[in-house]
Each structure stands twice: as structure tokens, then as C-alpha cells.
Amino acid sequence: MQADADQQVTGPDGTVPNDVPTGEPSDVPTGGPTGVPAGAPTTVVTIVRGRLDHLRRQAWGLARQQDTAFGWVVVRMGGPDVREAAGQDGLTPVVVDLPVPDGEPLPLAAARNAGVAAAAAGGTVVLLDVDVVPAPDLVGTYVDAVRRTGGVVAGPVGYLPPDVPTTRADLAGLAGHAEPHPARPVPAPGELLAEDRWELLWTLSLAAPVDLVRAVGGFDERYVGYGGEDTDFAMRLRRAGASLHWVGGAMGYHQHHAEVGRRDKVPDVVRNATLFHRTWGWWPMAGWLADLAAEGVVEWQPDGDVLRLR
């Protein structure tokens, strides 16, 4: 899901964390490789429809990476051509076209699977939403963290206000404007914090071994449109016994964008939340569902099986 800045994080008990989770310092050794071996290929995957200005700024950020040994796969879910926006500063991304008719819900799960399918086996895949401008050490920090842990790692994301200039020349100053998400930690650079609350994982920015993502079946393509597919992916990883860590230094900056058609997403949310509940036995996106129920948009029983449009 291309996450919204105000999206509420909820767990299996339906609660919303009140404080920033601090995690537990990891005891993963910093010596020899325990996960993806050094020198293995790295692939960044971005899925997009429109948002060419955001994609162009993400390309500027990727072109500034300290670790340049990576490929970039851009999955285009219909909409305008992306090659000019993505081909900045010498970047030559692989563009995968996934046709989506105008007006149809976006197949976010299928698009991410298409990107992972194009990634090199045996290496690391980095998933970045198109809204995210990566700091210069994001890719290198992710590669090192996956090598050390062999599991899933997620870096902090700072949210930019709407009036922050984001030209090439402005990228170095983004850190001074960004506000961290209130429900996720910001570890020190290079620090790993073990996390067992998989419901906090999002696809805004994460990295994992390609082979692990494929082993759990990737994303469930029954999820179409907004909501639920990333939390379902997290539950698949947890069931498989994977590890999850927050890693400091893999910083991304979320570009502000106006929310367009939020109400249009409600049917997708209802459909996907129902699928998730049938699969895992608890409701995702509980904060949003509660708001929609209070507004009379949906009928929802938090402790039951009922969720439907009014």
C-alpha cells in the first residue's frame, strides 16, 4: 500500500500505539555474514501510477546513493510513461508495464510481485514507495542490515511538510524538515532493533532477501486496491519464522501529497479488510474502520465478523 502519513497503525488487538516503540537492541553479530552474502546483487523496486514528480525526485535520491551497486525496477500500473522521470542522472531502470484500465483499483500486490520477480535471485530487494526520497546511505545501510540479519529490515521515514522545496539542490537539506512517524522508532545509524510486532511493517520502505520474499509467496494478489496487502505480507513472513528489525541510517523522506479520492478507496478497504479477517482472524486498519463506522460509512463489529458498506 502506498501509505498515507496519517494512516493509523493497529495490531491484532485493534489498539493504536500511544508511544514510539523502542524495540529491543539486536544481538545479531556484526562480524561475518549471516544472511545475504556480501557482493550479492541488490534491486530497488518502485511501483507507480502517475506521480511523475515524486518518481523524478526519488530518482535523484537513488542517483546520489553511496552504494551504487544496485539495479532499479519500476513497475508502471498504467498511466503516463515513466521512462523520462525515472531516467535521471544516468539511471537506467528496468520498467515493467502492468496494464491497468483507467478507473480500476490498482493491483498493488501484483505490482510488487512483478518487481520482485524481476529482481536477481540470491540478493536483496528494497521496496520503496514512489513517495519516498532515499537518503544517500539508504541502499548501503539496507544491504548491510540484510546481510547481518538474513531477515526483513525497515528504516525510519520522515514526513516532509508541503512547502519544502525538493529540487536536486535541496535534497541534502531534507533531514532538517522531516518529522518521524510517531508510532515507529528512529534507531541510531547502523543500530538494529529487534521487533516482534509484525503489524507495524509497511511497504513504504523495507528490505529483505529476495529468496525470502519468494519463499513466502510474495504478496497475496487477491488484495486489489488500497489496504491490507502489506500487513498480510507481514503475517506471511511472521508465519515463516522470519526476523524483523528496525535499522538506523536507512532514512527515507516522504514527499507530501494531497489525498485524492480517499472516499473512493473505501470499497477497496472493506473488501481487503474482510479478506484479511477471514485469513488471519483479526481486523487490520482498525483505526480507519472505527472512523468510517463513526461517520456511518460502514457497519463494523470490531469483535465480530461484520464489515460492510452502508
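Student: What percentage of the 310 residues in the protein chain is buried?

Tutor: This is a predicted model. Buried means under 20% relative accessible area. Here, buried residues make up 56% of the chain.

Student: And the surface? How much area does the chain expose?

Tutor: About 12,700 Å². Carbon and sulfur atoms supply 51% of that area.

Student: How many helices and strands should I look for?

Tutor: Look for 8 helices and 15 strands.

Student: Which residues have the most contacts inside the largest nonpolar core?

Tutor: A nonpolar core joins buried residues through side-chain atoms within 4.5 Å. The largest one here has 38 residues. Val 125, Leu 127, Val 152, Trp 198, Leu 201 and Leu 237 have the most contacts inside it. Helix α3, residues 108-117, gives the most to this core, with 5 residues. There is also a second, separate core of 33 residues, including Val 44 and Val 153.

Student: What does Trp 198 touch?

Tutor: Leave out residues up to four places away in sequence. Trp 198 then touches Val 152, Ala 234, Met 235, Leu 237, Arg 238, Ala 242, Ser 243 and Leu 244.

Student: How do contacts run along the whole chain?

Tutor: Take the contacts with a separation of 6 or more. Residues 24 or more positions apart account for 77% of them.

Student: How many cavities of 30 Å³ or more are there?

Tutor: A cavity is a space where a probe fits but cannot get out. The count here is 3. The second largest has a volume of about 50 Å³. Its lining includes Gly 155, His 181, Arg 184, Trp 202 and Trp 246. That lining divides into 7 nonpolar, 2 polar and 1 charged.

Notes:
Residues are numbered from 1 along each chain as its sequence is written. This is a predicted model: local features need pLDDT of at least 70, side-chain atom pairs count only at pLDDT 80 or more; totals for chains, interfaces and linings use all residues. Side-chain values use heavy atoms; hydrogens and water are left out. On a 1 Å grid over the protein atoms alone, a cavity is a set of points where a 1.4 Å probe fits but cannot get out, and a pocket is an open set with protein on both sides within 12 Å along at least five of seven lines; lining residues have an atom within 4 Å of a point. Grid points are joined across faces, edges and corners, and a volume is the space filled by probe spheres set on the points. Ala, Val, Leu, Ile, Met, Phe, Trp, Tyr, Cys and Pro count as nonpolar, Asp, Glu, Lys and Arg as charged, and the others, Gly among them, as polar. Buried means under 20% relative accessible area, exposed over 50%, partly exposed in between (1.4 Å probe, protein chains only). Helices (H or I, at least four residues) and strands (E, at least two) are DSSP runs, numbered from the N terminus. Contact means heavy atoms within 4.5 Å. Accessible areas come from the Shrake-Rupley method with a 1.4 Å probe; for residues, only the protein chains shown count as cover.
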